[in-house]
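Colleague: Hey, can you walk me through this one? I'm still new to reading structures.

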Amino acid sequence: MKLSSKQYRKLHFVVMAIEATAKKQQVTSDVMYQRLKAQDLIRQRLLQHYESLHTQSLEWVVEDTIETLHNWEQEGKE
């Protein structure tokens with residue numbers, strides 16, 4: 001399967017966001033991936049809003065991802 005350049009950029013952005021968020025939260029990338037996947041945050045947030053998110057700093061994306069993940073996990077528990 002060959003990715004278009006836009007698909008590659010989106011995938012690269014998602015991988016960077018997951019790895020940086022995992023590092024900030026002091027967990028493995030796999031643990032973070034599983035948490036984000038469980039909330040469907042990768043598709044509904046990182047991919048769906050790629051056009052606006054990728055213009056922000058990586059630190060901003062990390063903080064936003066952490067906040068969104070915590071909020072969505074909390075909503076799922078209520």
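Modeller: Sure, let's go from the overall fold to one patch on the surface. This is a predicted model, where local features need pLDDT of at least 70, side-chain atom pairs count only at pLDDT 80 or more, and totals for chains, interfaces and linings use all residues. Residues are numbered from 1 along each chain as its sequence is written, and side-chain values use heavy atoms, leaving out hydrogens and water.

Colleague: Ok, how many helices and strands are there in the chain?

Modeller: Five helices and zero strands, counting DSSP runs numbered from the N terminus (helices are H or I, at least four residues; strands are E, at least two). Along the sequence that reads α-α-α-α-α.

Colleague: And what does the C-alpha trace span?

Modeller: About 40 × 25 × 20 Å along its principal axes.

Colleague: New topic: how much of the chain counts as buried?

Modeller: 28% of the 78 residues. Buried means under 20% relative accessible area, exposed over 50%, and partly exposed in between (1.4 Å probe, protein chains only).

Colleague: So why does Y8 count as exposed?

Modeller: Because its relative accessibility is 51%. Y8 sits in helix 1, residues 5-25.

Colleague: Which contacts join residues at least 24 apart?

Modeller: 66% of those between residues at least 6 apart in sequence, with contact meaning heavy atoms within 4.5 Å.
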